Each structure stands twice: as structure tokens, then as C-alpha cells.
Number of protein chains: 2
Amino acid sequence: MKQIHLGAFEINGVNLTSQGLWARPDHHSVRYKDIDYWIELARLLERGCFDFLFLADSYAYPTLHGETPGFVFEQAAEIPKNDPMLLIPALAAATEHLAFAVTTSTTFEAPYSNARRFATLDHLTKGRVAWNVVTTSSPVVGDLFGHDRFVPHDERYAIAEEYLQLSYALLEGGWDDDAVIADKERRIYADPTKVHRIVHHGKYFDVEGYFNSEPSPQRTPVIFQAGASSSGRAFAARNAEAVFLQGADAATLKKQVSDIREKAAEVGRDPQSVKTIVGLSVVVGESKEAAQRKLDDYLSYVHEEAARLYYAQMTGIDFASLDPNADLGSIPTEQGRTQVERYAGKSVREAAADFIRHGMREFILLGTPEEIVDQIQELVEATDIDGFNYTPFVSPGSYEEFVDQVVPELQRRGLLRTAYEPGTFRERLFGAGQRRLPDSHPGAAYRHDSLAVTR
Amino acid sequence: MKQIHLGAFEINGVNLTSQGLWARPDHHSVRYKDIDYWIELARLLERGCFDFLFLADSYAYPTLHGETPGFVFEQAAEIPKNDPMLLIPALAAATEHLAFAVTTSTTFEAPYSNARRFATLDHLTKGRVAWNVVTTSSPVVGDLFGHDRFVPHDERYAIAEEYLQLSYALLEGGWDDDAVIADKERRIYADPTKVHRIVHHGKYFDVEGYFNSEPSPQRTPVIFQAGASSSGRAFAARNAEAVFLQGADAATLKKQVSDIREKAAEVGRDPQSVKTIVGLSVVVGESKEAAQRKLDDYLSYVHEEAARLYYAQMTGIDFASLDPNADLGSIPTEQGRTQVERYAGKSVREAAADFIRHGMREFILLGTPEEIVDQIQELVEATDIDGFNYTPFVSPGSYEEFVDQVVPELQRRGLLRTAYEPGTFRERLFGAGQRRLPDSHPGAAYRHDSLAVTR
């Protein structure tokens, strides 16, 4: 039985994916502005042998036809929301093993400063950082950043591809591994023959010069990606080291797992060099029925209109404006194909009902710890999935429940580590010694000597 | 006798302003990649009742005629250098009172994400953050960010002015003070009538939408600025709450202090609402002569060529290419007037000798703790300066020397607090209750209701 990888899915805001749950007395997310709230969570995750804390992000908030209704603010639906990257240094200092994945967008952040931020984080965390690469389709964000045009989906991925090539050039090619000597006796900090000028003149970016940051433990952060559209999947197959899949059942998930491995192999990568992750929520109860009642109670706090607009924000699709019997997958949308494809074959009515209830949660498992771990084990065996991004209902309650009751059962069956091995996040995913991108990853080609990438 | 404000001048890299000192056995800056190095420093500063840690930054490194000579890397002259903002969350979590000022550039960072980062920091630090606003003149940085044109000096300040107006609109005008209710009983997080859409269509920036971050303790971070050119000074007079001055002697400094106060009054601000800060280094010894020997030993590590290129990077002026007898102030330069005006009336030879020896240090005071505090006291009395940015030679040695020997003498004479008052950084600078920008500050005009700023 292979061991699973375990992440915790979070956002630096008031609601996660269930808009309205902030108001529960047992949900303490209103403390999100307080670093102690996050430090307590990080230490809890480390007690539960989690691999990583995953920090989602977007500058977007729900808007329909240019308007943001009042209930969006009343329910704190995606707004307010603070920068998540700035949590990581404090959490890294308060933990020893937990890794941190954080989202930044190739559509709105400058590549050079983004690369320097990740290099800095990799230094400060001693190699415990991952980058969740997203492209931004939201016109709301376009308005906030003053972009005067909507970037079409496929072009966003073309930009992202060039962005990553440039990031690899900086992170992998800027300094050789042995460039820094720091020899005080000889008064030589770095060997200038091993620091390389990056020359990138592409279609979207022009960068010439040296990278500010010296080599960090992992160099390129572990690359996460979640795109489920065809261009998103192709991008993930080329670049991602961990992908978030969206299978709502074991059969779909299994297909997605093998599909991403095949696509990675097609571009010359080791198919096992891409870890597959899917969303997981659990509700522990003395029985499935008791857990179901608890789940219903959680979901009774979801604000339906806020959930509908949250979906519209991500996809451009307003359930209320569509024929309830139409096939949702047939609705054309420039934006948010990931979220639409999740409901392939479902009617608008079914999709709306499911999304309003569950938000972006994937598997929701109910029952006793044994029953839950049975289901996890079956899912892993049936699909070859590598791990889960645990999505809480309330915090820290959902985490405590999982760490105190489910984790011991996972460990008893050999599904989860019982202690951390030392090493970087990449080593935890791919084995001791694998601190750097593997040779079959396209980023590895950017090592050595000066580079001139011109397209 | 008024109490002084005390900052520590640092950079997230290997050398501060004396290129080459990294190699000293008693200088531990090679540990800059280790968060523990910074946590130890922050706690030491807090023990010494410092007001703030000041983190300088630039993406630039020394380049002359498009070339970066090998000795730049050998001496780690401004490169490598990591992102400094990412130190703050960890240091805030490890301290209780120390504030943090960090540099970002209005030339290269997007205003919306920059404002969200500072709002996030203000939340996480509970109001202990300041923004050192810089404009970037370096063509090196332009090449790294793909800007295809050199931004002329005065236009850079016009951009900065609009950037700050937009930042005030987001930070001060996005949410009313009482917008967040977080009433779980009534299930109302924020009052939508108190969250305002920002509409800014200016000459340089277009931003429309809501600000992601809810009100933080200080809202706008304390604004620091260092521009010494006429447009820089005008910008500081309008916007800065603390300015770094560059007087090399008491008479010049006194003139600068009164000049900035006058200029602030001219634009309708309280002249005391701008604190004046100047650089300070000290070397403690049993006598002035002993301290001088210690200083000479420090400076013997300066690499002359690296220092010369460091100056050229900041100013565009290469001492070696000029007539040594020419008046440096007469040399035309688009870039770096701040650094040139520092040597007004000096010949190229004198300026070069001074800069190579001292870097950007202002006052260097030598002697016993008593002799040093005598000089500080005289300087404060003669110039009305409000505080000092302490610039170490070695770390943590220069800090330990100051905290253990000079601080007690400052405290004995009532020149420095003996314990921290509670409150935000702005309150520490301007008094209890002054958490927010004062009404006479231009940022205060951006409060209340929806804003339409169109120029």
C-alpha cells in the first residue's frame, strides 16, 4: 500500500469554498488576520504529519454584470482576503517539516519579482515551498490591474508557458550549484564564472540581467497546477510536479490520473514524476447517519445566492440565467473551463444544486474513522491517486477531528507516515536526494551557462 | 530634551553599504538566508528599544556600460539579495513592539497588489509596518522588468504621486472604519453600504473595483521617503511621515530639517507630522583614537572597485571616468540626484574618496559611550533631527555594541525610551491615538464613500 500525501486547503480570508460558513460558532476563520491563528493551524498540521499547507489565492470576488450585490460582503464571499504568501515566513519559523504551497498568477505578477519571492521563500523555509501556478481569467481582476483587454484562455496558457520558461531560466540557470563559495579567507563570496546573465526576449516578456537570489535548496519551487481544460492539462503535463484533479467519482478520477501520467510521458517526462492530488473533506461521526446530520448542519450555513455568484465569478456562468435542463458542459465559456468540466454531462439544475451545496469540494467522506479510512483506501487502490488536499468545514475543528481520529487510523494501516523524514518538500514527494527538478523536467534544461532564449 | 527615534538600516543580502565587509570574521551577514539570523537581530533590537527595522531594497546590482565585472560577484556587491518584505511576518511573530519599514518601488510594482501586501502586513504585525516609497531610476532594473524605456526623473515622481493617490484610495477609501461587523448571530460579516468601489482612471494607472483587504490598524502604512532632489523633496513634503536626510554635517542637516518642515507646511500639513531621520554609525572604543583604529580596521575590508561601481549603479556616475578636480555637483545625471547632491560643492576626488570609504553612511561617531551620546545630543540640539537610522559595520557585533553600551547612556539622559508604550508604529512616532494618517495628510482626503479620481 503506498503512502498518501496530505495537504490542507486554505485561503487567507473568511470563507473557504462554502460561502457563509464563517458565521458558525465553531468556525474561527474570523481570526484570519491574526498570525497566531495560522501558527496554531500549522502546528496542528505538523502534529498530524501533513505534507503541506496549500494557500489558494485570487484577487477576484463575485461580480455579475459588473455588480457586486450586498450579500457578497455580508457573507464575506471571497472578500475580504489578504495576501497568503506573507503567512509563509512566520509559519515556516514556527514549524520544522510542514511545506507551503502558494498561488500566484502568471497573468498579473511580474516574472522577475515572482521568481525572487519564491527563491526567498525557498531559502527561508529551507526548501519547503511550492508554487501553485494559475492563470487569471477573471475580468474583475483585469479591472483591478488595469489590463485593458480580456486575455483569451489559450493565450493565457501561452503566456504561462513562456512565464515558466523564464522562471526556470532565472531559478535554475542564474547561478550554478557551486557558484557561492563564501570563502572569507580568500574574500570570494561567489565565483563570477558561475553566475550567468539571463537573456530572454520572448513574445510576452523581455528580461536581461542577473538573478538577484543565490541558489536555494530546491531552486525551482515544487510546481503545482490545477488546470483541467485541454490547454491546462497540456501545461500541467509539461510543467507540474503535482496536479489537482477534480474527479467526482472513482472512475472519473482514475481516468484523470492515468491521463495526466500519459500526457507527461508523451512529453518525455517520467509519469511518476507528477503527483496527483484530489480534494477531500471528511465528517467524523459515530455512524454515517450521525456524520450526515453533522454535514447537513454545516451546509445549512451556505448562503445560496453567494454560492451562485461565487460560481459565476469563477466560470462566467450564472446558473439562474440558464435553462435548468440544459447540459452545463455544452455552455460556451471563455473563463473557468476547469469548473465547468467538473459537471460534464450534468444538467444546469443538477450542477447548481451540487455546487451550491458543496462548493469546490471533491470527495466528502462520512462515518467513523475506520469507515472513512476504508473509503480513502478504496479510492487510492481504485484510482492510483497520490494524495489529498484536505478541505475543512470549520477551523480548527475539522482539522482536529482529522488529526486526532482519522490520521491515527491512516497511520495504523500504513497509509500515512508516522514521523517526518528530514529533507525538502520535493524529497518528501519524490524521495531522498530529489531536492531538484528531475532531469526529465523541462526546467532542468535551463541549468548551466548563459542562456539566450529568443522566440 | 526630546526622545529620539531609532531604526536599524538593513538589507536582505550580504553587504550593506560597505561592499566587502561581508568577509570579516566578526560579520555574520552570510547567514542572511536563515530566518533565525533575522529573528535574533529583531529580538536584539527590541531589547535595545529600537523603533523599527528598516529594510532597504532594490533589484539593481552594479553595472557599468552594460557589464558587471567579476569582482562584483566576488564581493557580493548588492548581489545576491533576497526579497526583504518576506522577512517581516516571521520577525513580527517573534517580537512584540519592533516596527518594520520596507522598500517597494512605484516604478515596478503593481499598485493593487502592493497595497494588498502592505494591508496584509499591517494586519499581521498589528500596525507595526511602514512603507519606504522609492522610485527606480536604474536601467539595470528596467532590463529585468522588460521596460523598454528609461523613465525620466520627474516623470518617475509624477508616476509615484499618482501611485500614492491610488494607494490611499484603496487603503483609506476602500472600507469604512466600521464596515466589518462580524456578527455571527445576524450572519453579517461586513456592511455593504460601507465598502466602496474604487474608480481610478489616471494618466498612469487604471483601477476599478473593491479592495480585497478589510481595514487594518493603521490602514496606510507609515510612509517613509528619502528623495533629496527637488521633485523628491516636494513628493516627501506632500506624502512622507518620515524622511531620510543626508546632511554630512550639522549645519547642512539643520537646513534640511527646517526645509522639509517648511515644505510640508506649504502644502497644508502640520510641520511636526514629518519626522526627520538621518543615518548614524558608531564605533565604541576606550578612546576616540581606539575607536578610530577599529573603524579603520572595518573600512580596510571595503573593496574600492566594488564601492566605485556601487556608486555608479546608484547615480550613473563613474568616478574613474571624470576629471578628479571637477565639482561633482555640476555633473549632469538623470539618475540618482539624491546621491549626487550629498556631495554638493565637493570635487570628484573628494567625493570618490569619501564614498569609497564610507558608502552611504552619514554620521560616524567614535569614542566611549559617553562621548558618542554627547555627539548625538549635540546633533539633536543643533539640528532638531527626530531620529537616526543606525547603520552597522558588522552584525550582530555593531548592534550589540550599541544596545549594550550606547543605549543605556541614551536612556540615562532621557534621549531614548526605557520601555515600549503599547500601540501602532504611527502612535509611537506621533503619540497615543494617532493610529491613522492625520487629517492634514493628503491620504486622509480619500476616506468616506465612493471615489472617482479621474485626471
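## Chain contact and salt bridges in a predicted two-chain model

B:Thr120 lies in helix α4 of chain B. The model is predicted, and this residue is a convenient place to enter it. B:Thr120 has a relative accessible area of 0% and is therefore buried, the cut-off being under 20%. Its side chain reaches the backbone oxygen of B:Arg116 at 2.7 Å. Apart from neighbours within four places in sequence, B:Thr120 is in contact with A:Asn12, A:Asn82, A:Asp83 and A:Leu86 of chain A, and with B:Ser213 of chain B.

**How the chains are related**

Chain B is superposed on chain A by a rotation of 180° with 0.0 Å of shift along the axis, at an RMSD of 0.0 Å. This is the relation of a two-fold axis. Within chain B, B:Ala90 has the C-alpha nearest the axis, at 1.9 Å from it. Both copies use the same surface, as 100% of the contact residues of chain B recur in chain A.

**The interface**

Chain B gives 73 residues to the contact and chain A gives 73 residues. The size of an interface is often expressed as the accessible area lost when the parts come together. Between chain B and chain A the buried area is about 6,500 Å², and carbon and sulfur atoms give 59% of that area.

The rule finds 36 residue pairs in polar contact across the interface of chain B and chain A, both residues being at pLDDT 80 or more. Elements of chain B that give two or more residues to the side touching chain A include the helices α1 (35-47), α3 (88-94) and α4 (111-124), and the strands β5 (180-183) and β8 (206-209). Of the elements, α4(B) gives the most to that side, with 8 residues. The residues on the side of chain B that touches chain A divide into 38 nonpolar, 16 polar and 19 charged.

**Salt bridges**

Over all chains the structure holds 72 salt bridges, and the rule finds 12 across the interface of chain B and chain A. Four pairs are set out below.

| Acidic residue | Basic residue | N to O distance |
|---|---|---|
| A:Asp83 | B:Arg116 | 3.9 Å |
| A:Asp83 | B:Arg117 | 3.8 Å |
| B:Glu161 | B:Arg238 | 2.7 Å |
| B:Glu172 | B:Arg436 | 2.8 Å |

A:Asp83 forms salt bridges with B:Arg116 and with B:Arg117. The pair of A:Asp83 and B:Arg117 crosses between chains, from the loop between α2 (70-74) and α3 (88-94) of chain A to helix α4 of chain B. Both A:Asp83 and B:Arg117 are buried.

The other two pairs in the table lie within chain B. B:Glu161 is in helix α6 (residues 153-173) and B:Arg238 in helix α7 (residues 230-239), so their salt bridge ties together parts that are 77 residues apart in sequence. B:Glu161 is buried, with a relative accessible area of 14%, whereas B:Arg238 is partly exposed at 31%.

B:Glu172 also lies in helix α6 of chain B, while B:Arg436 is in the loop between α15 (425-430) and β14 (451-454), so this pair ties together parts that are 264 residues apart in sequence. Both B:Glu172 and B:Arg436 are buried.

Salt bridges that share partners join residues of both chains into one network: A:Asp57, A:Asp83, A:Glu109, A:Arg116 and A:Arg117 from chain A, with B:Asp57, B:Asp83, B:Glu109, B:Arg116 and B:Arg117 from chain B.

Terms used:
Residues are numbered from 1 along each chain as its sequence is written. Chains are lettered from A and ligands numbered from 1 in the order in which they are written. This is a predicted model: local features need pLDDT of at least 70, side-chain atom pairs count only at pLDDT 80 or more; totals for chains, interfaces and linings use all residues. Side-chain values use heavy atoms; hydrogens and water are left out. Copies are superposed by least squares on the C-alpha atoms of residues with pLDDT of at least 70 in both. Contact means heavy atoms within 4.5 Å. Buried area is the accessible area (1.4 Å probe) that two parts lose on being put together, summed over both. A salt bridge is a side-chain nitrogen of Lys or Arg within 4 Å of a carboxyl oxygen of Asp or Glu. A polar contact is a pair of N or O atoms within 3.5 Å; within protein, one must be able to donate a hydrogen and the other to accept it, and residues adjacent in sequence count only if both atoms are side-chain atoms. Helices (H or I, at least four residues) and strands (E, at least two) are DSSP runs, numbered from the N terminus. Ala, Val, Leu, Ile, Met, Phe, Trp, Tyr, Cys and Pro count as nonpolar, Asp, Glu, Lys and Arg as charged, and the others, Gly among them, as polar. Buried means under 20% relative accessible area, exposed over 50%, partly exposed in between (1.4 Å probe, protein chains only).
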